[in-house]
Amino acid sequence: MNVLKGLVVKDFQTIKSYKSTVLFMIVIFIVCAFLNGDVTNFLPIFIPLCFEMLGISSFSYDNLANADKYLLTFPIDKKDIVKARYIYILMFTLLGTVLGFVLTLLVQRIKISNVPDKECLSNTLAIIIGSLIAMMFLQAFQISIMYKFGAEKGRIIQMIMIVALMIGVSFIATALMNVLNISLDSFIIILKNYLLAILGISVMMLYIVSFVISCKIYEKKEI
Amino acid sequence: MENILEVKDLSKKYRDFELKSVNFSIPKGMIIGLIGENGAGKTTTIKALLNIINKDKGQVKVFGLDLQKNEKKIKQDIGVVLDDSFFSEYLTPGSIGKIMKNFYPTWDEKLYLKYLEKFNLPLDKIFKEFSSGMKMKLKIATAISHKPKLLILDEPTTGLDPVARNDILDIFQEFIEDGEHSILLSSHITSDLEHIADYIMFINHGEMVFTKSKDELIENFGIVKCDEKDFKRFHTNDYVKYKKNKYEYDILIENKYDFKKKYNISIIDKPTIEDIMLIYIKGEK
């Protein structure tokens, strides 16, 4: 357990030197949220996304320092390194999600100048959970790709993959709406009521499958 | 003498390089220098014996235990410095301390801080801004602060000025003083090894050429400098290799006393480890 803690602490300590950049980005996002008409379209998506990308960037820092070779001289095995990387990225994404949610509520409160009503709160919550699920869905692919192709090549491949997945998901969603003959609004309501839970469970399973695949890739990989 | 590390038949094949059945052992309380030119297989040997790269075959025993079966336990007592790999340069020595204490139950924060102070390394500066000497000192402080029994160092003195090199070599001497600790140190700066190593292992093209005590190398080996006429007198079995220079031959002799007697030669030069390595690599037979 301490070994995992050490690996996660390593990633957090590395990103610490970027705290002023992260803070600057958050301020920019908040300013944009004030300028943007609907806060819920912006903050709950971009803040978690920014944190998610910072989490994934841990691959690049380690790649630059060739850190994996050094880590393997410690009393740890390859599986620990992969496990800690998943924990770190997930923790960072959750941190971004919580921050995104809190900041959205704060901006809403200032902009609307009264306490956001129940429906507004539930919409924000649905969007933030939706974006968390979407990010975990992407991550499940991203992390395995990073292990397979390395930080440099992996970055390009994951970009292509993200675009492909977005097109694929929107194509499936549009097809579903057409087949079921429902509007986008009703689709969001269905998503809120039923699909979030189903998607959440599916994404968690996908995450586990991704972890097992990444472990296998990393075990065989020549560091 | 009890061995702290035993390597048997260690092999690793790449497309363009092969480590061929490397065998050696390191007794307790000794400093072993692994020499060889760049690309000879020093780093591959270290990485294969530490299981960083997947070896094709071979057995590694550390502290009498099989590394494959007891990797985590064994690695608690090993400190490693790698030439091309460390933490991200955006970390500070202070944050490295916070990280390392999670990996080793024996991590001694006070000792680590003592080394940082001794090496004049600031606690809260990212080490990207350090000189190469400071970076190496940080790597060494990090490798020895959990009080390992065995230190494995890949090119620890490369890029250091003579003062920093001397400081570091002193630390290595201190480390083995009690007779319980050992060091495996690879370097192509052979003069450093002449100062501190007890044994020298020479690797060339992925093959272990020899493992000999440093004293034996310096006392028994010799270099005969002669012209072509003299050179033709010597039987091939009586020398290791020769190097033909513009006006003379440098001949490497393994037993200078026998050679002196046999050919009635009065002057045989005492070689440095670098001379021996050079003639082995560049010489002919």
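This is a dialogue in which a trainee learns to read features of a predicted model with two chains, A and B.

Trainee: Let us begin with helices in chain A; at what angle do helix H3 and helix H6 of chain A pack?

Mentor: A packing angle compares the directions of two helices, each taken from its N end to its C end. In chain A, helix H3, which covers residues 43-56, packs against helix H6, residues 78-112, at an angle of about 155 degrees, and their axes are 8 Å apart. Angles over 145 degrees count as roughly antiparallel, and H3(A) and H6(A) are therefore roughly antiparallel to each other. The crossing of H3(A) and H6(A) is right-handed, and the residues of their contact divide by class into 16 nonpolar, six polar and one charged.

Trainee: How should I read a single residue such as A:Ile30, and is it buried, exposed or partly exposed?

Mentor: A residue is judged by how many other C-beta atoms surround its own, with 20 or more within 10 Å needed for it to be called buried and 12 or fewer for exposed. A:Ile30 has 19 other C-beta atoms within 10 Å, so A:Ile30 is partly exposed. A:Ile30 is found in helix H2 of chain A, residues 19-35, and, when its neighbours within four places in sequence are left aside, A:Ile30 is in contact with A:Leu103 and A:Val107. Distance along the chain and distance in space can be stated together as well: A:Ile30 and A:Phe42 are 12 residues apart in sequence and 9.2 Å apart in space, from C-alpha to C-alpha.

Trainee: How many residues of chain B are in contact with chain A, and which elements of chain B give two or more of them?

Mentor: The size of an interface is often given as the accessible area lost when the parts come together. Here we can count residues in contact, and 23 residues of chain B are in contact with 24 residues of chain A. On the side of chain B that touches chain A, the elements giving two or more residues are helix H2 (71-75) and helix H3 (93-100) of chain B, and the largest share, three residues, comes from H3(B). By class, that side of chain B has 12 nonpolar, six polar and five charged residues.

Trainee: In what order do the four strands of the open sheet in chain B stand, and which of them are at the edges?

Mentor: The order of an open sheet is read from one edge to the other, and in this sheet of chain B it is S2-S1-S4-S5, with antiparallel pairing. Strand S2 (18-27) and strand S5 (65-66) of chain B stand at the edges, each with a single partner strand, so one side of each has no neighbour in the sheet. Strand S1, residues 3-13, and strand S4, residues 57-62, of chain B pair in the antiparallel sense over five bridges, and B:Ser11 has B:Lys57 in S4(B) as its bridge partner. Helix H1 of chain B, residues 42-49, lies across S1, S2 and S4 of chain B and runs at about 110 degrees to S1(B).

Trainee: What is notable about the phi angles of B:Asp9 and B:Ser21?

Mentor: Phi of B:Asp9 is near 60 degrees, a positive value in a residue other than glycine, and B:Ser21, also not a glycine, has a positive phi of about 40 degrees. B:Asp9 lies in strand S1 of chain B, while B:Ser21 lies in strand S2 of chain B. B:Asp9 counts as partly exposed because it has 14 C-beta neighbours inside 10 Å.

Trainee: Which strands form the six-stranded open sheet of chain B, and are the two faces of S6(B) covered or open?

Mentor: The strands of this open sheet in chain B run in the order S6-S7-S8-S3-S9-S10, with mixed pairing, and its edge strands are S6 and strand S10 (207-213) of chain B. In a regular strand the side chains alternate between the two faces of the sheet. For strand S6 of chain B, residues 78-81, both faces are covered, since B:Ile78 and B:Val80 on one side and B:Gly79 and B:Val81 on the other are all buried. S6(B) pairs with strand S7 of chain B, residues 150-154, in the parallel sense over four bridges, whereas strand S9, residues 199-204, and S10(B) pair in the antiparallel sense over six bridges. Helix H5 of chain B, residues 132-144, lies across S6 and S7 of chain B at about 170 degrees to S6(B).

How values were computed:
Residues are numbered from 1 along each chain as its sequence is written. Chains are lettered from A and ligands numbered from 1 in the order in which they are written. This is a predicted model: local features need pLDDT of at least 70, side-chain atom pairs count only at pLDDT 80 or more; totals for chains, interfaces and linings use all residues. Axes are lines fitted to C-alpha atoms, for helices over the stretch in contact, and angles run from 0 to 180 degrees between N-to-C directions. Angles under 35 degrees count as roughly parallel, over 145 as roughly antiparallel, 65 to 115 as roughly perpendicular and the rest as oblique. A crossing is left-handed if the near helix is turned anticlockwise from the far one by less than a right angle, and right-handed if clockwise. Ala, Val, Leu, Ile, Met, Phe, Trp, Tyr, Cys and Pro count as nonpolar, Asp, Glu, Lys and Arg as charged, and the others, Gly among them, as polar. Two residues are in contact if their C-beta atoms, placed from the backbone, lie within 7 Å. Two strands pair if DSSP finds at least two bridges between them.
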